[in-house]
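Me: I'm new to this one. Could you show it to me and let me ask how the labels are earned?

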Amino acid sequence: MNTTPDTFDVAIIGGGAAGLAAAQALGRSRRSVVVIDAGEPRNAPAEGVHNFLTRDGLPPRELLALGRAEAGGYGVEFRDARATATRRDDAGFGIELEGGRWLAARRIILASGVSDQLPEVAGLAAYWGKNALHCPYCHGWEVRDRDIAVLDSPFAVHQALMFRQLSDRVTLFTAPGREFDPLEREKLEARGIGIMAQEIIAVRGNETHLTHLAFRDGGEQAVDALVVMPRFTAGIAALAGVGLQATAHPSGIGTHVAADETGKTEIPGLWAAGNTRDPMAQVMMAAADGLRVGAMVNADLIQEETDAAVAALRARAVV
Ligand SMILES: Cc1cc2nc3c(=O)[nH]c(=O)nc-3n(C[C@H](O)[C@H](O)[C@H](O)COP(=O)(O)OP(=O)(O)OC[C@H]3O[C@@H](n4cnc5c(N)ncnc54)[C@H](O)[C@@H]3O)c2cc1C
């Protein structure tokens, strides 16, 4: 439990679904916990969270406000700030918040998620999470039976086949001269997915939705949605001080923090949960991962405390 103010059993960097679920598990285990959160969950641009059982369609920030209220009920503390640096000290870790204040914690759970680096298409960012999409489980239902364009990338054939489940009007747009693997071309043809040799260089639309693609040759085409594949980057800059490095995710989709199945990283005392270690995890998976990692960190602390108690008992017996 707390020994001095601003000293915690566990500091959780990131207050999204993963961080809050870890906080709740630890708070209910009577651990002192602080959640440090910059307040920019990855899905913030989206209108609602889909495929979260019992909360389908709830705005992302509302879901997190509910999570904060629940975790706060078990004594979890919150700091609305970005963690900017970390260091090791005798008690465990020091964590610096923007503004220069330091906190101390015996363990850190890194749940800071990933950021999405969008392909270079002018105007795209304004529609990201609205009808510029990447994930059929997040927003596929919302564009069912619509004209869906897929921007070429190493994942485009996979994405086109996934979105074909939702609409029979799917077209993959690619730069002229792009060679397809014959098997991939056959799959697209068999599922009635068109291939257009047109390079998308920009999009335009109204205040809320993308309506048109603009091509390098000056042409335009109306669409209802554009599927793209961003590059995912794990946000770990604040952990450089304790030696954490991001590694390439095996899918080729970007970077993540490598951890074992319990969330333990290669840095003793530092654990990772949610998108930080699995960039493909949906909100419910991130929350489940946070719960598991929170429980594992509690078990790790119990072991440390039990070992210390046993050593003290033996020392008393010797005297
Ligand atoms: C556009 C879009 C729409 C999506 N829609 C859905 C959907 O409908 N359903 C679904 O299941 N999934 C959806 N997802 C996936 C969903 O965003 C992730 O599954 C989820 O956000 C992962 O939760 P997390 O807690 O790991 O990370 P996040 O939710 O990203 O939370 C990480 C938190 O850490 C904070 N942070 C980062 N760095 C620091 C730092 N240094 N110090 C302090 N805080 C920091 C961030 O500000 C953020 O608040 C969508 C993704 C995108 C991109």
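Reply: Sure, here are the labels, each with its rule. This is a predicted model, in which local features need pLDDT of at least 70 and side-chain atom pairs count only at pLDDT 80 or more, while totals for chains, interfaces and linings use all residues. Residues are numbered from 1 along each chain as its sequence is written, and side-chain values use heavy atoms, leaving out hydrogens and water.

Me: How do you know where domain 1 and domain 2 run?

Reply: The bounds come from an automatic or database domain assignment. Domain 1 is 7–116 + 231–318, and domain 2 is 119–227. Their C-alpha centres lie 35 Å apart.

Me: What makes up the contact between domain 1 and domain 2?

Reply: Contact means heavy atoms within 4.5 Å. Twelve residues from domain 1 and ten residues from domain 2 take part. The two domains bury about 790 Å² between them, 55% of it on carbon and sulfur atoms; that area is the accessible area (1.4 Å probe) lost on putting the two parts together, summed over both. On the domain 1 side, Pro 45, His 50 and Gln 282 lose the most, together 49% of what that side buries.

Me: How many salt bridges join domain 1 and domain 2?

Reply: Zero. The interface does have two residue pairs in polar contact, meaning N or O atoms within 3.5 Å, where one must be able to donate a hydrogen and the other to accept it, and sequence neighbours count only if both atoms are side-chain atoms.

Me: Why is the pair Arg 79 and Asp 6 called a salt bridge?

Reply: The rule asks for a side-chain nitrogen of Lys or Arg within 4 Å of a carboxyl oxygen of Asp or Glu. Here the closest N and O atoms are 3.0 Å apart, so the pair qualifies. Arg 79 sits in strand β3 (residues 77–79) and Asp 6 in the segment before β1 (7–13), 73 residues apart. The structure holds 20 salt bridges.

Me: What makes β9 and β10 a pair?

Reply: Strands (E, at least two residues) are DSSP runs, numbered from the N terminus, and two of them pair if DSSP finds at least two bridges between them. Strands β9 (residues 148–151) and β10 (residues 170–173) have four bridges, in the parallel sense, so they pass. One of the partnerships is Leu 151 with Phe 173. Both strands belong to an open sheet of five, ordered β8-β15-β9-β10-β11.

Me: Why are β8 and β11 called edge strands?

Reply: Each of β8 (132–133) and β11 (194–196) pairs on one side only.
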